[in-house]
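Here is a two-chain model to work through by question and answer. Please have the sequence and coordinates open.

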Amino acid sequence: MKLLQRFYLREVLSGLGLTAAHFFRNMRLHAARALGRKDAHGAVTIQYPEERRPYSPRLRSLHRLVRREDGSPRCVACMMCETVCPARCIYIVADEHPNPEIEKIPARFDIDLGKCVFCGFCVEACPEDAIRMDTGILEFSSYSRGGMIYTKEALLSLEPAGADGVPTSPVPIPADRRVVGP
Amino acid sequence: MTATLTDFGIAFARVAFVMMFILNLGGLLTWVERKQSAIMQDRIGANRASILGFRIMGLFHPLADAIKMLTKEDFLPARADRFLFKLAPFVSVFFGLVAFASIPFGDTLRIGDRVIPLQAVTLNVGVLYVFAMLSLGVYGVMMAGWSSSNNFALLGGQRAAALMISAEIAIGASIMGVIMVYGSLDLMEIVRAQGAPLLPRLFGDWIPAWGLLTQPLAFVLFVTAGIAATKRIPFDMPEGESEIIGYFVEYSGMKFGMFAMADFLETVVIAGLTTSLFLGGWQVPYLHPDGFVFPWGATLHVPHGLVALLQVGAFSLKVVVMIFIMMLVRWTLPRFRYDQAMRLGWLGLFPLSILNIVLTGLVLLLVGPRA
């Protein structure tokens with residue numbers, strides 16, 4: 001090290017100058033924002049639950065079951081997704097469909113999200129375009145393993161995300177949790 | 001009888017003011033640390049604690065901290081020395097609190113025919129008193145390390161003791177120059193002397209003789225050693241929260257909180273001491289007891305009460321600026337390795353302090369005292 005560096009002082013002062021410059025620049029921006037300048041950002045962070053970055057349209061988020069016009073699932077219980085699923089998290093029980101032109105309907109369609117690896121194979125395998133992963137919902141959690149199993153009714157009620165990736169339907173509440181607060 | 005009661009009341013008020021000042025400032029420093037570091041790092045900082053939806057820039061976080069600390073389990077290791085283990089955090093906080101007593105926060109205040117020095121305790125050896133209290137503070141740390149019956153805690157306590165010795169020597173030696181220049185150990189006298197003009201034959205009345213200008217080398221040395229005495233980054237090898245284990249590894253709950261509090265109190269004390277020794281204490285430039293006397297000839301009469309208020313305000317402002325600088329250092333520099341800190345203390349700060357004493361003596365011999 002050079003002699004000047006060994007005294008630390010000059011290096012320390014230049015470092016302090018850098019951080020102080022950041023401090024005062026950000027303070028000025030914060031003050032400008034508080035005074036009404038909405039385009040002034042003193043921080044690069046995003047206040048997550050209130051602010052979100054736009055999600056990519058290709059994002060694989062919580063599944064949903066696509067509905068027919070009468071509200072019944074488009075799924076025909078062909079078991080393709082259950083077969084292709086590498087995590088074996090899909091459980092389907094088939095039933096007779098009242099319409100003779102449609103062969104089957106799922107009586108049960110459960111996805112265990114505790115096991116799901118979000119590979120998207122089920123979406124690719126589906127011949128009826130009955131399952132999609134475009135809800136934009138990522139914040140699902142539960143206090144128990146059972147609570148992570150989402151049933152046919154819950155999956156049918158979900159809507160696709162908006163163009164900017166913001167979810168349009170509320171996050172499904174797991175069975176083991178009650179809604180508290182707002 | 002009434003006179004003595006009034007005297008007692010005044011003495012109590014002086015002590016209460018200093019206590020409130022240092023405790024509130026110390027408590028607020030947890031918030032300052034979070035927010036200042038966040039803004040320096042382009043973040044926003046803790047802002048989630050709220051009461052009835054009001055967040056007021058995260059100011060409830062110190063409160064939330066206190067509630068968390070108080071409600072946590074207060075764990076006592078099975079083989080710890082129970083008495084010393086419980087005593088240690090109190091020792092740390094106590095000496096941090098009382099160290100501020102002899103630091104003046106204003107000149108004298110006249111009420112009627114009473115003359116009240118704005119200082120918790122009037123001591124003619126104020127500087128020595130502050131150093132004694134600061135040095136005693138390390139006993140709490142060593143006690144904590146020893147009584148935890150944990151080898152890591154013991155090593156942390158030893159590191160703290162070694163650091164404190166090397167820092168205290170540098171602190172003591174670096175302010176010798178200040179004492180030589182102003183010719184007193186009384187902090188009030190030192191601050192008063194800093195109001196005199198610096199080199200009046202050269203600059204007239206333009207520049208006050210603050211310690212920063214008369215003793216620039218001592219200022220750098222003192223601030224460096226002072227930061228080491230507060231045991232904060234870049235000299236935090238006694239604690240080393242992130243990877244090396246410190247003296248308070250066995251502490252939990254409010255006892256741990258008190259050690260953290262003691263660090264902040266020491267920060268306030270070092271900032272107050274730096275202000276008194278080097279930044280002119282309560283001196284406002286050109287403000288005399290009767291009002292402003294500007295060097296270009298203008299005068300502005302200021303009533304006595306306002307003068308005292310201005311002085312207290314100036315002292316508080318200088319302390320806050322000093323704390324800002326210390327926080328800036330804490331969030332900018334990486335930690336010194338143990339041997340680096342020792343080398344800096346014994347081969348850097350200490351010899352330079354001695355050099356400073358010699359230089360100051362030479363200058364004083366040549367130009368005469370109080371020039």
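Q: Leaving aside neighbours within four places in sequence, which residues is Leu265(B) in contact with?
A: The model is predicted, so each contact here is computed from predicted coordinates. Contact means C-beta atoms within 7 Å. With neighbours up to four places away left out, the partners of Leu265(B) are Ile22(B), Gly26(B), Val93(B), Gly96(B) and Leu97(B).

Q: In the largest nonpolar core, which residues touch the most other members?
A: This core holds 90 residues. Leu265(B) is one of the three that touch the most other members. The full set is Phe222(B), Ala225(B) and Leu265(B).

Q: Which helix gives the most to this core?
A: The top contributor belongs to chain B and spans residues 253-278. Its share is 14 residues. The helix is H10 of chain B.

Q: How many residues are in the other core, the one with Leu62(A) and Ile90(A)?
A: This core lies apart from the largest one. Met148(A) and Leu158(A) are also among its members. Its count is 23 residues.

Q: What is the radius of gyration of chain B, and what does the globule rule give for 371 residues?
A: Chain B has 12 helices and 5 strands. Its radius of gyration is close to the globule rule, so chain B is as compact as a globular protein of that length. The two values are 22 Å for the chain and 21 Å for the rule.

Q: What percentage of the residues of chain B count as buried?
A: The C-alpha atoms fill a box of roughly 70 × 50 × 50 Å along the principal axes. Burial here takes 20 or more other C-beta atoms within 10 Å. Over the 371 residues of chain B, the buried share is 42%.

Q: What is the radius of gyration of chain A?
A: Chain A has 5 helices and 5 strands. Along the principal axes its C-alpha trace spans about 90 × 45 × 30 Å. A compact globule of 182 residues would come out near 16 Å, but chain A has 26 Å.

Q: In what order do the elements of chain A run from the N terminus?
A: Helices and strands are interleaved along the chain. The run opens with two helices and closes with one. Written out, the order is α-α-β-α-β-β-α-β-β-α.

Q: What percentage of the residues of chain A count as buried?
A: Contacts in chain A with a separation of 6 or more are 67% between residues 24 or more positions apart. Burial is counted over the 182 residues of the chain. The buried share is 20%.

Q: Which helix gives the most to the side of chain B that touches chain A?
A: The contact takes 12 residues from chain B and 14 residues from chain A. On the chain B side, helix H1 (2-40) and helix H11 (304-330) each supply at least two residues. By class, that side has 8 nonpolar, 2 polar and 2 charged residues. The top contributor, with 3 residues, is H1(B).

Q: Are H4(B) and H5(B) roughly parallel or roughly antiparallel?
A: Helix H4 (residues 126-147) and helix H5 (residues 151-182) of chain B pack with their axes 8 Å apart, at an angle of about 170°. Their contact has 15 nonpolar, 6 polar and 1 charged residues. Angles over 145 degrees fall in one class, so the pair is roughly antiparallel.

Q: Where is Ser149(B) found?
A: Ser149(B) is not a glycine, yet its phi is positive, about 50°. With 14 other C-beta atoms within 10 Å, Ser149(B) is partly exposed. Its place is the loop between H4 and H5 of chain B.

Q: What is the phi of Tyr286(B)?
A: Tyr286(B) lies in the loop between H10 and strand E3 (287-288) of chain B. It has 19 other C-beta atoms within 10 Å, so it counts as partly exposed. Although Tyr286(B) is not a glycine, its phi is positive, at about 70°.

Q: Which residues does the cis peptide bond join?
A: Pro234(B) lies in the loop between helix H9 (216-229) and H10 of chain B. The omega of the bond is about 10°. The pair is Ile233(B) and Pro234(B).

Q: Is Arg108(A) buried or exposed?
A: Arg108(A) sits in strand E3 (residues 104-112) of chain A. Beyond four places in sequence it touches Tyr91(A), Ile92(A), Val93(A) and Lys152(A). It has 12 C-beta neighbours inside 10 Å, so Arg108(A) counts as exposed.

Methods: Residues are numbered from 1 along each chain as its sequence is written. Chains are lettered from A and ligands numbered from 1 in the order in which they are written. This is a predicted model: local features need pLDDT of at least 70, side-chain atom pairs count only at pLDDT 80 or more; totals for chains, interfaces and linings use all residues. A nonpolar core is a set of buried Ala, Val, Leu, Ile, Met, Phe, Trp, Tyr and Cys residues joined through C-beta atoms within 7 Å. Helices (H or I, at least four residues) and strands (E, at least two) are DSSP runs, numbered from the N terminus. Two residues are in contact if their C-beta atoms, placed from the backbone, lie within 7 Å. The radius of gyration is taken over C-alpha atoms; the globule rule is 2.2 Å times the number of residues to the power 0.38. Ala, Val, Leu, Ile, Met, Phe, Trp, Tyr, Cys and Pro count as nonpolar, Asp, Glu, Lys and Arg as charged, and the others, Gly among them, as polar. Axes are lines fitted to C-alpha atoms, for helices over the stretch in contact, and angles run from 0 to 180 degrees between N-to-C directions. Angles under 35 degrees count as roughly parallel, over 145 as roughly antiparallel, 65 to 115 as roughly perpendicular and the rest as oblique.
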